Amino acid sequence: MVSRVIPVEPFDLVVFGGTGDLAQRKILPALFRRFCAGQWPDDVQIIGAARAGFDRDGFRDVVAESMRRHAPKHCQDAGKMAAFLQRVDYVPLDASTGEGWDQLAEKLSVDRVRAFYFSVGPRLFGPLADRIKAHALATARTRIVVEKPFGHDLESARALNATLAEHFTEGQIYRIDHYLGKETVQNLMAVRFGNMLFEPLWNSQYVDHIQITVAESVGIDGREEYYDRAGAMRDMMQNHLMQLLCLIAMEPPAKFDPDAVRDEKLKVIRALDPVKPHHIVRGQFEGGTNGPGYRATVGNPRSTTESYVALRAHVSNWRWAGTPFYLRTGKRLVARSSVINVMFKDAPHSIFGEEVGRHANVLSIRLQPNEGITLKVTIKEPGPGGMRLVDVPLDMSFAEALGPGNQDPPDAYERLVMDVIRGNQTLFMRGDEVEAAWAWTDPIIAGWQARGDVPKPYDSGSTGPGDAELLMKRDGRHWQGINP
Ligand code: NAP
């Protein structure tokens, strides 16, 4: 089955921070892939904007080099590349002064979707919004795309929401959490709400607990200053893991429409209990063969920022009362792997005389790598010799299941950027959601600060601090493996 491409209407997309890492590595390659797929028409304009003094051809050279490095093989075609670059332009511009804005205004088309992508540091989000308004660049068909981090805490997120609301309606603001653009994350909703099989079992009566793991094998990767101020709680838990938890825990929305979905996610966040201090483990990686330890990496010998966090959360509502959600994320772990495991309860009685508890079903939703869904089921071990049970995976790897056209699933940014152009906000966070997530996160961080909490060291290339294992063990449970 080859995926269907639904063309979008002509648009202008301005990428503020167009020369930066995210734009070059993710946003522009995503646009190129959609171009190769024939999703957008000929008269689209993609305008990079940053302070660097490139002219149009100079910027095209930079983009061409990035496409060679980051675009997939099937797009590496000189003709396609040349046609794509024809649509790419550049304006030297400063977000915090008036420099370059008149030139940008001259380039923009009238009467078409106009998207402004804020791919710059968060301190520039407010000034960019102000400048767009001051130079009268915002039309009724304007959308702004705001990268993470959306605030550093509740207060700053509220202030940023208020600044954006001065100039744009909520319907024009697209807050990116790229995890929501991943195919498997959307498939999670399809599996839950498109099948009769799972939903009746999707509650505390049948689900023992849920594990959400977002493990990274890399370290801080050139973001030392930002990361040491943020830590894993702000950088990953408050947004990506929280969003995954919402999609797992939410009630079925009445329809797949932006506000219906986001209303249900918001209810989940608001139903989260405060996390007890003994239900949370912080860690910091030590040096090893794959590089220096956390403190040396960030150049702060006394840093108490966590590069790992594991916690037990509770959603206090009718559906989930008594079912813990264990969430963990960390850097420099044994593997790069993002997976959600829905751990079903044991069968209440074994008619085969086996010990109860050996064969509970597990639904694993793999976000990366090898996107797919596996259901662990119990069958009879083949052959004579009595009724011995064995667990086998019912495996649905999307690339294999959906055939040759799907060997190279779209990157999250492809889906999300096209959704911006289409005006579909379902996979973007609403302002109240972000604030609710910070309202849950802030007291946890404030508690660490008040107690002078110091993260536990863990070995690079391990599964994290031993205390995270204890968090589970105390409850008579254990983490599923990180290795994909
Ligand atoms: P980056 O590599 O440092 O790029 C920043 C960009 O902003 C550059 O193009 C820079 O170009 C431009 N810029 C800086 N000051 C400016 C100003 N006053 N006016 C206009 N342009 C200005 O940063 P990045 O990694 O691409 O990150 C961009 C945003 O995405 C950040 O908010 C980051 O948190 C977020 N994000 C990044 C990643 C990632 O993987 N990189 C992932 C998730 C979220 P000039 O210096 O030439 O102006």
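Two strands pair if DSSP finds at least two bridges between them. Strands (E, at least two residues) and helices (H or I, at least four) are DSSP runs, numbered from the N terminus. The model is predicted: local features need pLDDT of at least 70, side-chain atom pairs count only at pLDDT 80 or more, and totals for chains, interfaces and linings use all residues. Residues are numbered from 1 along each chain as its sequence is written, and side-chain values use heavy atoms, with hydrogens and water left out.

**Exercise 1. Find the neighbours of strand S5.**

Task: Which strands pair with S5, and in which sense?

Solution.
Step 1. Start with S4 (residues 113–118), which pairs with S5 in the parallel sense over 5 bridges. Within this pairing, Arg 143 of S5 stands opposite Ala 115, and Val 146 of S5 is the bridge partner of Phe 118.
Step 2. Turn to S6 (residues 173–175), which runs parallel to S5 and is joined to it by 3 bridges. Here Tyr 174 in S6 stands opposite Val 145.
Step 3. Recall the general rule: strands of a sheet pair through backbone hydrogen bonds, either parallel or antiparallel.

**Exercise 2. Place S5 in the sheet.**

Task: What is the order of the strands in the open sheet?

Solution.
Step 1. The sheet has 6 strands with parallel pairing, in the order S3-S2-S1-S4-S5-S6.
Step 2. Its edge strands are S3 (88–92) and S6, each of which pairs on one side only.

**Exercise 3. Follow the connections.**

Task: Which helices belong to the β-α-β units that contain S5?

Solution.
Step 1. Helix H5 (residues 125–134) forms a right-handed unit together with S4 and S5. A crossover is right-handed if, with the strands pointing away from the viewer, the path from the first strand over the helix to the second runs clockwise.
Step 2. Helix H6 (residues 154–167) forms a right-handed β-α-β unit with S5 and S6.

**Exercise 4. Judge the surroundings of S5.**

Task: Are the residues of S5 buried or exposed?

Solution.
Step 1. Apply the cut-offs: buried means under 20% relative accessible area, exposed over 50%, and partly exposed in between (1.4 Å probe, protein chains only).
Step 2. Count: 5 of the 5 residues in S5 (residues 142–146) are buried.
Step 3. Sort by direction: Thr 142, Ile 144 and Val 146 point one way from the strand, while Arg 143 and Val 145 point the other way.
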